[in-house]
Every structure is written in C-alpha cells, then in structure tokens.
Amino acid sequence: MAEEVDLFVIGAGSGGVRAARISSGYGARVMVAEEYRVGGTCVIRGCVPKKLLVYASRFADEFEDAAGFGWTVPEPKFDWATLIANKDKEIARLEAAYTANLDRAKVKIVKSRATLLDAHTVKLAATGETIRAKHILIATGGAPSMGKDIEGHEHVISSNEAFHLKELPKRILIQGGGYIAVEFAGIFNGLGSEVTLVYRGDNILRGFDDDVRNHLRMELEKRGIKVITKKIVEGVEKVDHGLCVGLSDHENIVVDKVMFATGRRPNVHGLGLEAAGVKLGPTGAIAVNEYSQTNVPHIYAVGDVTDRVALTPVAIREGHAFADTVFGKKPVLVDHTNVPTAVFSEPEVGVIGLTEAQACEKLAKVDIYKTSFRPMKATLSGRDTRVFMKLVVDGITDRVVGAHIVGPDAGEIIQLIGIAVRMKATKADFDATMAVHPTASEELVTMREKSATHVRQAAE
Ligand SMILES: Cc1cc2nc3c(=O)[nH]c(=O)nc-3n(C[C@H](O)[C@H](O)[C@H](O)COP(=O)(O)OP(=O)(O)OC[C@H]3O[C@@H](n4cnc5c(N)ncnc54)[C@H](O)[C@@H]3O)c2cc1C
C-alpha cells in the first residue's frame with residue numbers, strides 16, 4: 001500500500017518550505033520532495049548568492065572612493081575563485097539550516113523529482129514509490145526562459161550558470177532588461193568585466209516608473225556599462241578569441257561570455273498536471289484563486305509557479321497563508337498590492353506602489369514630488385553619481401500611493417517607506433515627520449515643491 005500523508009509538497013523552495021513547516025505545526029503529516037537542493041531558487045541560485053556577489057562587486061567603489069577621504073589603498077586585487085568558494089560554503093550552510101528546520105518540524109524530506117499520477121497520487125522518480133496525499137501543494141517555482149533557440153544557443157548561460165563560472169569573464173554580454181539582467185550587469189561591472197547589456201525594448205526595467213528607468217540607465221552608462229536597446233541577439237558563434245554575438249542590426253560584438261536574463265517560466269512541464277486535472281492560466285502558470293487553490297479543490301499552488309508576484313517574501317507569505325487556511329482552519333488572504341521591492345543594481349532601486357503613469361490612469365488628480373541630488377559621500381570621493389527620489393501622491397486624498405528611489409540603500413529605505421504607504425500615510429504625514437540629518441532619505445520628508453500635477457479631464 002502506498003504511504004499516506006495529509007500534505008505532499010512538491011518543491012522545497014521559499015513557498016514550499018514555509019507551507020510544509022507551518023502545516024506540520026498544525027499537526028498534519030507532511031512530506032516534501034525536492035529534486036535539486038533544499039532552499040530553492042532564492043537560497044541556492046537567486047536572491048542570496050546574488051546579494052553576496054553584489055556585496056563583492058561594491059568593494060571596487062569603496063577602494064576608489066577612499067582616496068578622497070585621505071586613504072591610500074594599495075592596488076586592490078580580486079580573486080573570483082575565492083569569492084565563489086566562500087559563496088558556495090555559505091549556501092551549503094543555509095541549505096543545511098533549511099534541512100534541519102524541516103527535520104525539527106517533523107517534515108519528511110525526499111530528495112527526488114515528484115510528479116502527479118492523479119489528483120491524489122504523487123510518484124517519486126528517485127525510487128519509483130507512490131505516495132497518497134489528502135492535499136497537494138505545488139511549489140515548484142520557475143526556471144530561466146531562454147527564448148527561442150538561436151544559432152549557437154549552447155554557448156549561452158543563464159543566471160543558474162553565472163553563479164558557477166570557472167573564471168570572471170573579461171567581457172560579458174547580457175541580454176535582458178529586467179531586474180536580474182541589470183543586477184548581473186552591476187555585479188560583473190563592479191568586479192572588473194567589460195559589460196554590454198542588450199535589451200529588445202525601449203528602456204531597461206519595464207514596468208518600473210519611467211524616471212527610475214531613465215535614471216538607472218544613465219547611472220549604468222556612467223559606470224561604463226554599454227546599454228544597447230531595441231536590439232536582440234540573433235546568434236552566437238565561437239571564434240578563436242571568444243564568442244561573436246550577432247545583433248539584429250548586423251552589429252557583431254566579441255565577448256567571453258553571453259548570458260540571457262530574458263525572464264522566467266513557471267515549472268509546470270512534465271509535472272502530471274493533466275493527469276491530476278489541474279488547469280493552467282493564460283500565461284502558462286498554474287491558475288489559482290485568492291486562497292492559492294487550483295480548480296481541483298484539494299490541490300493548491302504557491303509562489304513563482306503561479307506567476308502572481310514572483311518574489312521570495314510573496315511565496316513565503318502565500319505558503320504560510322495556505323497552511324493557516326487549510327490546516328490551521330483560519331482562512332488567510334495574501335494582499336498582492338503595495339509589495340515593496342528592490343533591484344540590487346548599482347546604484348540600487350527601491351520602489352513601492354504606483355508609478356506616475358499608473359497613478360494617472362487610476363486617479364482623478366495626481367501630485368508628483370521628485371528630486372535628484374549628489375549624495376554627500378560623492379562630494380569628497382568625487383564620484384559622478386546622483387540619487388533620485390520620487391513620491392506619487394493622490395491629489396484628492398493626499399495619500400502617498402507610490403515611492404521610487406534610486407541610490408545607495410534604496411532597498412533598506414523602501415522597506416520602511418512600505419509600512420507608511422500600507423498604513424495610508426499622507427504627504428502631510430511625511431512632511432510632519434522630522435528629518436534625520438544628514439541622510440539621503442531625509443529628502444523623502446522635505447520635498448515641498450510639487451514637480452507636476454496631473455488632472456484627469458472629465459469624460460465628455
Ligand atoms: C537570479 C535571481 C535573483 C533573485 N533575486 C531575488 C531577490 O533579490 N528578492 C526576491 O524577493 N526574489 C528574488 N528572486 C526570486 C525568488 O528566488 C523566487 O521568487 C522564489 O524563490 C520563489 O519561491 P518558490 O517557492 O515559488 O520557488 P523556488 O524557490 O524556485 O522553489 C521551487 C523548488 O521546487 C523544486 N522543484 C521543481 N520541480 C520539482 C519537482 N517536480 N519535484 C521536486 N522538486 C521540484 C526546485 O528544484 C526548487 O528547489 C530571484 C530569482 C533569481 C533567479
């Protein structure tokens with residue numbers, strides 16, 4: 001007889017691990033299957049290793065900037081192999097910690113790919129065993145989408161391989177304009193590579209506020225990153241001294257590595273969803289209702305595989321809400337609006353809420369406050385960089401409905417602005433808050449002059 005569990009979780013990533021632990025805490029018998037490494041994308045080949053590489057890349061500026069403050073720094077040398085080895089050690093420590101937490105929570109971990117045989121039966125590829133489950137949670141995440149196969153596609157890497165390169169490429173071309181593309185552009189640029197960013201659209205960071213997109217692009221270019229827009233990579237050919245990349249305007253660029261960061265697709269392929277009767281939505285992600293429930297009532301899905309807001313804290317929150325709802329018997333909804341988020345580019349981006357364009361579409365009157373200034377540290381270091389900040393305000397209610405920052409620590413700042421925005425703080429509340437001086441973020445409470453007001457014309 002097949003083993004029986006109350007909950008079978010497919011995927012031990014951000015959403016799956018949280019859901020498994022909390023469900024077990026409610027007394028459910030829980031099994032989780034992981035085909036690669038416990039911790040999932042964020043821990044193993046996403047947020048965490050990425051941020052470690054971002055830290056590494058930022059030392060370059062620190063060494064340079066120190067001179068203006070009186071320091072003499074001997075010529076710094078960087079060793080990629082040391083960075084990758086230390087990063088791998090930390091990731092292994094985290095993987096062990098995640099495994100230990102699941103063990104402590106009495107969740108049974110199986111290191112295997114799992115697929116659905118029917119709506120209640122899961123098959124483990126490693127052993128051929130089948131498990132009967134009362135409830136199933138699909139938390140299989142996503143994977144890099146490399147687009148259609150171009151000539152020479154075998155020479156192209158994704159973010160997965162970027163974390164394990166044998167050596168730092170002297171020249172790298174990154175195709176993509178999303179957050180992963182600009183983050184890796186910053187990492188390689190900071191570590192000393194010559195970076196070319198190629199993006200098919202008009203400007204990087206589609207979906208972000210236009211001022212943020214323009215400001216970041218300008219800053220990337222100031223740092224020596226070559227940004228090419230409205231073009232795509234059509235082919236990659238191995239040549240004697242590297243890889244020759246052919247762009248859509250017939251320009252050829254020779255580099256040592258080519259990386260595509262052209263989006264991610266939900267991991268649904270070969271999962272047995274048809275056998276279980278689980279339906280996909282229009283984008284190919286698993287379709288769920290506001291409780292993360294699929295069309296099959298005892299099968300749920302959370303995280304990137306549902307393609308709602310593909311971020312770790314969101315997957316974790318969805319996993320927790322699932323456990324509370326199904327095993328804690330207290331229905332919990334996840335609010336997917338006003339999610340603060342950061343892009344760990346150089347400089348960093350932090351945003352929450354509506355862009356100026358979105359606010360103009362939604363609201364009758366919109367007030368814009370924005371500023372751009374030289375950060376204090378740059379006065380002595382001489383670095384050519386500016387900070388950008390913008391508040392989008394509902395002109396009728398005075399509520400701050402959007403905040404957009406490009407500059408040092410933007411991710412840290414936006415976490416706290418996120419609380420104010422969620423609490424429906426008004427511009428008057430921001431103004432009444434005493435500034436912390438001297439900081440960059442004091443600008444957020446001292447912007448007095450509107451830079452624009454948009455009033456929607458009444459329909460004729
Ligand atoms: C380079 C990069 C940087 C990122 N940076 C950030 C960031 O800074 N901040 C942020 O919030 N988010 C970031 N993300 C996104 C974040 O990693 C994801 O949103 C998050 O990991 C989603 O969690 P999840 O539980 O949905 O899936 P995942 O964490 O992807 O976990 C899914 C797991 O399921 C496993 N699996 C898949 N299919 C099967 C199967 N059939 N059987 C068994 N196991 C299976 C996979 O191996 C994986 O371990 C980043 C992502 C990438 C790629």
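**Close-ups of a predicted model**

**View 1. A nonpolar surface patch that helix α3 helps to build.** Tyr55, Phe59, Phe63, Phe69, Trp71, Val73 and Leu380 make a nonpolar surface patch of about 750 Å². (Patches take residues with over 30% relative accessible area and no salt bridge, joining like charges within 9 Å and nonpolar side chains, meaning Val, Leu, Ile, Met, Phe, Trp and Tyr, within 5 Å; accessible areas come from the Shrake-Rupley method with a 1.4 Å probe, and for residues only the protein chains shown count as cover.) This is a predicted model, where local features need pLDDT of at least 70, side-chain atom pairs count only at pLDDT 80 or more, and totals for chains, interfaces and linings use all residues. Residues are numbered from 1 along each chain as its sequence is written, and side-chain values use heavy atoms, with hydrogens and water left out. Helix α3 (residues 47-66) gives the most to the patch, three residues; helices (H or I, at least four residues) and strands (E, at least two) are DSSP runs, numbered from the N terminus. Phe63 sits in helix α3 and counts as partly exposed at 37% relative accessibility. (Buried is under 20% relative accessible area, exposed is over 50%, and partly exposed falls in between, with a 1.4 Å probe and protein chains only.)

**View 2. The ligand and its shell.** Around the ligand there are 36 residues, the closest being Gly15, Glu34, Thr41, Lys50 and Asp304; to be near, a residue needs a heavy atom within 4 Å. Glu34 puts a polar side-chain atom 2.6 Å from a ligand oxygen, and Lys50 has a polar side-chain atom 2.6 Å from an oxygen of the ligand. From Thr312, a polar backbone atom lies 3.0 Å from a ligand oxygen. On its own the ligand has 1,000 Å² of accessible area, and the protein covers 95% of that. Elements giving two or more residues to the shell are α1 (14-25), α2 (40-45), α3, α6 (179-191) and α9 (312-326), with α2 giving the most, four residues. Sorted by class, the shell has 15 nonpolar, 13 polar and eight charged residues. (Nonpolar covers Ala, Val, Leu, Ile, Met, Phe, Trp, Tyr, Cys and Pro; charged covers Asp, Glu, Lys and Arg; the others, Gly among them, are polar.)

**View 3. Asp209 and its partner Lys390.** Look for Asp209 in the loop between β10 (194-199) and α7 (210-222). Asp209 is buried, at 2% relative accessible area. Its side chain makes a 2.7 Å polar contact with that of Lys390. (A polar contact is a pair of N or O atoms within 3.5 Å; within protein, one must be able to donate a hydrogen and the other to accept it, and residues adjacent in sequence count only if both atoms are side-chain atoms.)

**View 4. Arg383 in a salt-bridge network.** Asp61, Glu64, Asp65, Arg223 and Arg383 are linked by salt bridges, each being a side-chain nitrogen of Lys or Arg within 4 Å of a carboxyl oxygen of Asp or Glu. Arg383 pairs with Glu64, with the closest N and O atoms 2.9 Å apart. Arg383 lies in the loop between α11 (376-381) and β21 (387-394) and Glu64 in helix α3, so this pair ties together parts 319 residues apart in sequence. Arg383 is buried at 18% relative accessible area, while Glu64 is exposed at 55%. Arg383 also forms a salt bridge with Asp65, again with the closest N and O atoms 2.9 Å apart. Asp65 is buried, at 7%.
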